[in-house]
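Got your viewer open? Let's take a walk through this protein, one selection at a time.

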Amino acid sequence: MNVIYYAVYCQDCLGITALNLLISALLSIGFYFVHIWSAGDSKLMIVLISLLPGRLFWANTDTIVPAAYLFLLVFSIGYLYLIGEAVYLDFHRHTVKLPTVTKAGAWAAIKSYLHAFVVLYAWNSVLSIALPSFVENNVLLLSLISYFLITILREKPVYHSKVLVGSCAVLDAAVLLLTRNTITAAGVLRMVQTYLLVLLVMWTTWIAGKYVYESVPTEDVKAGMILSRSTVVCFVPSKVKGLPQISYEDMRSRLTEEEAAAVRRWKDSKYGKATVVSVRKIPFASFIAVGVILFAAYHIVTTLGSWGI
């Protein structure tokens with residue numbers, strides 16, 4: 001149906017639709033390769049984007065990836081889910097506590113924030129200087145890329161290199177010095193955007209770290225679950241065959257049916273325990289479905305409104 005639609009009825013939107021689908025597919029596959037969601041979530045996102053009519057959703061825009069708004073909507077729904085679930089778990093378990101603030105902890109948080117800001121601001125500055133018009137027309141797409149760039153970099157050794165931080169700091173200082181007499185709205189927006197992106201990264205990292213684990217009965221372990229590193233370490237002295245040997249605590253470490261069965265057998269072995277700690281998974285497929293429905297509804301209502309209906 002898509003072939004007929006674009007070959008006969010929507011040839012004028014074929015270019016923007018193809019480019020939008022290509023970059024959206026690369027983003028979706030990228031999220032799979034960095035283990036943010038599963039291969040099924042990636043395929044679901046690609047298929048749903050390919051089924052949205054081009055003239056209604058992707059035409060009449062300056063950005064090369066209008067679907068970036070859909071990605072933002074999906075992850076926004078995910079963050080709202082995390083917040084709601086976190087509040088529910090706190091009240092349900094009656095463990096509402098204010099975070100303990102120490103001088104060492106506060107200083108570590110400030111240093112972490114400044115580190116991320118220096119690196120991300122340098123990245124945004126380079127993009128703005130090299131591709132000013134592209135940046136202006138694709139702010140949301142670049143914000144999305146920047147968010148995941150800093151999220152991924154924070155886990156890499158190169159991020160903590162003094163050479164990288166020093167180079168970024170020098171570049172930031174040079175940009176601020178050269179533009180001090182020509183402060184523009186775009187420059188202010190870039191700085192505010194960087195502040196907010198770093199805050200968002202740190203906040204979501206804290207939320208994920210606080211609520212990522214849950215205790216489950218060993219006899220209820222099933223294929224597809226992800227066990228914590230601390231649980232997998234307990235399997236080392238066991239002679240039960242088929243137990244997982246390593247956990248990355250992401251989609252790479254989902255249990256197979258054979259591994260799940262081995263864990264259930266392990267419960268009654270010499271080193272077995274009645275409960276294990278699993279990593280709670282975010283149901284991205286549901287968020288993608290809800291996001292696409294809301295995205296489609298908004299565009300349909302907006303289009304009908306422009307027609308005076």
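Start by selecting phenylalanine 71 in this predicted model. Skip its neighbours within four places in sequence and show what else is in contact with phenylalanine 71: you should find Ser24, Leu27, Ser28, Phe31, Trp37, Met45, Ile49 and Leu144.

Now widen the selection. Phe71 belongs to the largest nonpolar core, a set of 45 residues, and together with Trp37, Met45 and Phe75 it touches the most other members. Which helices supply at least two residues each? Colour helix 2 (14-33), helix 3 (39-51), helix 5 (68-92), helix 6 (103-130), helix 8 (139-153), helix 9 (162-178), helix 10 and helix 13 (284-306), and you have them. Apart from this core lies another one, made of 13 residues; Val221, Val232, Leu243 and Ala260 are among them.

Next, zoom out for a moment. The protein has 13 helices and two strands, and buried residues make up 37% of its 309 residues. Look at the contacts with a separation of 6 or more: 78% of them come from residues 24 or more positions apart. On the outside, the protein exposes about 18,200 Å², with carbon and sulfur atoms supplying 69% of that.

Before going further, colour by pLDDT. The protein averages 81, and 85% of the residues score at least 70. Among the elements, helix 12 (residues 257-266) has the highest mean, 94, while helix 10 has the lowest, 66. Where pLDDT is low, don't read the predicted coordinates in detail.

Keep that in mind as you pick valine 198, which lies in helix 10. Is valine 198 buried or exposed? Its relative accessible area is 1%, so it is buried. Leaving out residues up to four places away in sequence, valine 198 touches Tyr113, Ala116, Phe117 and Leu120. Try a distance label from valine 198 to tyrosine 113: they are 85 residues apart in sequence, but their C-alpha atoms are 6.8 Å apart in space.

Stay in helix 10 (residues 185-211) and click on tyrosine 195. With a relative accessible area of 36%, tyrosine 195 is partly exposed. Add Val192, Leu196 and Leu199 to your selection, and you have a nonpolar patch on the surface, with about 360 Å² of accessible area together.

Now for some charges. Side chains of opposite charge can pair when their charged atoms come close. How many salt bridges are there? The count comes to three, and here they are:

- Select arginine 55 and aspartate 12, whose closest N and O atoms are 2.7 Å apart. Arginine 55 is in helix 4 (residues 54-57) and aspartate 12 is in the loop between helix 1 (2-9) and helix 2, so this pair ties together parts that are 43 residues apart in sequence. Arginine 55 is partly exposed at 37% relative accessibility, whereas aspartate 12 is exposed at 59%.
- Select arginine 264 and glutamate 257, which meet at 3.6 Å, N to O. Arginine 264 is partly exposed at 29%, and glutamate 257 is partly exposed too, at 47%.
- Select lysine 267 and aspartate 268, which meet at 3.4 Å, N to O. Lysine 267 is partly exposed at 26%, while aspartate 268 is exposed at 64%.

Last stop: serine 253, in the loop between helix 11 (229-233) and helix 12. Serine 253 counts as buried because its relative accessibility is 10%, and the cut-off for buried is under 20%. Not counting residues up to four places away in sequence, serine 253 touches Met225, Ile226, Ile246, Ser247 and Tyr248.

Notes. Residues are numbered from 1 along each chain as its sequence is written. This is a predicted model: local features need pLDDT of at least 70, side-chain atom pairs count only at pLDDT 80 or more; totals for chains, interfaces and linings use all residues. Side-chain values use heavy atoms; hydrogens and water are left out. Patches are made of residues with over 30% relative accessible area and no salt bridge: like charges are joined within 9 Å, nonpolar side chains (Val, Leu, Ile, Met, Phe, Trp, Tyr) within 5 Å. Accessible areas come from the Shrake-Rupley method with a 1.4 Å probe; for residues, only the protein chains shown count as cover. A salt bridge is a side-chain nitrogen of Lys or Arg within 4 Å of a carboxyl oxygen of Asp or Glu. Helices (H or I, at least four residues) and strands (E, at least two) are DSSP runs, numbered from the N terminus. Buried means under 20% relative accessible area, exposed over 50%, partly exposed in between (1.4 Å probe, protein chains only). pLDDT is the predictor's confidence in each residue, from 0 to 100. A nonpolar core is a set of buried Ala, Val, Leu, Ile, Met, Phe, Trp, Tyr and Cys residues joined through side-chain atoms within 4.5 Å. Contact means heavy atoms within 4.5 Å.
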